[in-house]
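Biologist: Please take a close look at one loop position for me, and then set it against the rest of the fold. I would like one connected account, with the reasoning shown where a class is assigned.

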Amino acid sequence: MTEPNELKVEALLDIINSSARKAMAEYKNTGHGVPGVDAGTFHPLDFATDTLALRKAIRLLEGACEQLNTILAPPQRTVNNFVHNYNWACIDAAVQSRIADVLDKHPDGLSLDVLADAVNLDKTKVARVLRVLALRGCFKEGNLSETYLQTRLSLVLKATNNVGSWIKLQREFRKYAAVLYETMVDQEFARSDKLERAPRAFALRKEAKNNGFWEMDDEARDIFHKAMMGYSEIQDSSAVLHHYPWDKISSVVDIGSGIGAMSIPLAKTFPHLRITNQDLPEIIKLSINAWETDSPELLLDGRIEFVPLNFLEESPVVGKDVYYLRSIIHDWPDEESMVILHNVRKAMGPNSRVLIHECVLSRAFEGPDVGANESSEDHKAPEPTLLNFGGHTTHQMDMIMWFLYNSKERTLKEFKDIGQVPSMPGYIDNI
């Protein structure tokens, strides 16, 4: 008789096999086949606005592979792998030196000597960075000695790619992470959930700096908003274009719209929608410039408007069909989140809806009646994969929110809790 732990391993192998085949089928359905690990161009599916089926397959594949390694590898090896990983440093070096931009001009590759000269860095150190990344399919060592070529992964690192800006944005996050334990034992910071008591604030205070997160110069602000577009691509946020009944509504307010990561594709896909972009005044100026540069034709018929808003102090425009908040609530602790939702509630009409587009956490102690899995069977991880499908991406984002803002990703129950906002004294209303 097969013992229980062996059965779990066999179940994980089945999940890996079936999810990999589902992912392959999604690629093959495009008519372009499955991408190669050393492909030098993007696959058409990389630019699709709806890759939900692929993402579901990859979610299972990643979670099951990681859990299988955890079961079968010695525990000391697994724990060491948690910290013994410096891919991030090599990626950062490649992005900062624009290696991908140089190689993009040379489809047949460049010798290490020429490449190092082009980025004005030491040849030996460039080689060590590229060898680490090439092991993961990011850049490729050519057939000729010490020659490197572009790959599908390294193309993401180009300066023109929004994901490259997301990588740049994270350069500072690591020093905030490094003081996490200090903030957990510091008398002033330990039991506070205030924005000004986040690990970021602690780290900057040690450096005798005191600027708020949202205080940026023009270059930093440009990187930030391109990074938000990159994050949208990473999360496949555009799938919402295909999985919400936009054709049944006529007006949308994009609250905290940035420079149009979601509202521009929304306007392109649904030409009947009247869209209001709302953000801080300085962001609205950037947004108008972005629309005029990237999609000027969308501004011709008057259905797009730009209205400044501080959502902590005032309400958005009144009486629209949908109030859309993408990756907004997770930036704020509960108190501020409730203020934001309260201000939205005051602007809503009797048939208005709030659409909150965020990650949702699962936790073992929350039953199916209140947890994230209640939304559909599709969100239940199959046995024996762990909660959140064994993947940790959402929990890593939860940590970033802690480092930066003392905020968090939330379970569905926690979203319901902060959605109980007062619409008038003595009365609690579901947002």
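Modeller: Aspartate 321 sits in the loop that joins β6 (304-308) to β7 (322-326), in what is a predicted model. Its relative accessible area is 24%, and because the buried class ends under 20% while the exposed class begins over 50%, aspartate 321 is assigned to the partly exposed residues. Once residues up to four places away in sequence are set aside, aspartate 321 touches Ile249, Ser250 and Ser251, and also Asn351, Ser352 and Arg353. One of these partners, serine 251, is 70 residues away along the chain, yet its C-alpha atom and that of aspartate 321 are separated by 5.2 Å.

Contacts between residues far apart in sequence can also be followed across the whole protein, where, of the contacts with a separation of 6 or more, 69% are made by residues 24 or more positions apart.

A second position offers a contrast in accessibility. Asparagine 277 belongs to strand β5 (residues 274-279), and its relative accessibility is 0%, so asparagine 277 counts as buried. Leaving out neighbours within four places in sequence, asparagine 277 is in contact with Ile304, Glu305, Phe306 and Val307, and its other partners are Asp254, Ser257, Ser263, Ile284 and Trp291. Over the protein as a whole, 42% of the 431 residues count as buried.

The helices can be read in a similar way. Two packed helices are described by the angle between their axes and by the distance between those axes. For helix α4 (residues 87-97) and helix α7 (residues 123-134), the axes come within 9 Å and cross at roughly 120°, which makes α4 oblique to α7. The crossing in which α4 passes α7 is left-handed. On the α4 side the contact involves Asn87, Cys90, Ile91, Ala93 and Ala94, which meet Val129, Val132 and Leu133 of α7. By class, the residues of this contact divide into 7 nonpolar and 1 polar, with no charged residue.

As for the overall setting, the protein has 17 helices and 12 strands, and its C-alpha atoms fill a box of roughly 70 × 60 × 55 Å along the principal axes. A compact globule of 431 residues would have a radius of gyration near 22 Å, and the 23 Å of this protein therefore agrees with that expectation.

Definitions and conventions:
Residues numbered from 1 in each chain as written. Predicted model: local features only at pLDDT ≥ 70, side-chain atom pairs only at ≥ 80, totals over all residues. Heavy atoms only, no water. Axes fitted to C-alpha atoms, helices over the stretch in contact; angles between N-to-C directions. Helix = DSSP H or I, 4+ residues; strand = E, 2+ residues; numbered from the N terminus. Parallel < 35°, antiparallel > 145°, perpendicular 65-115°, else oblique. Left-handed = near helix turned anticlockwise from the far one by under 90°. Contact = heavy atoms within 4.5 Å. Nonpolar A, V, L, I, M, F, W, Y, C, P; charged D, E, K, R; others polar. Rg over C-alpha atoms; globule rule 2.2 N^0.38 Å. Buried < 20%, exposed > 50% of the residue type's maximum accessible area, 1.4 Å probe, protein only.
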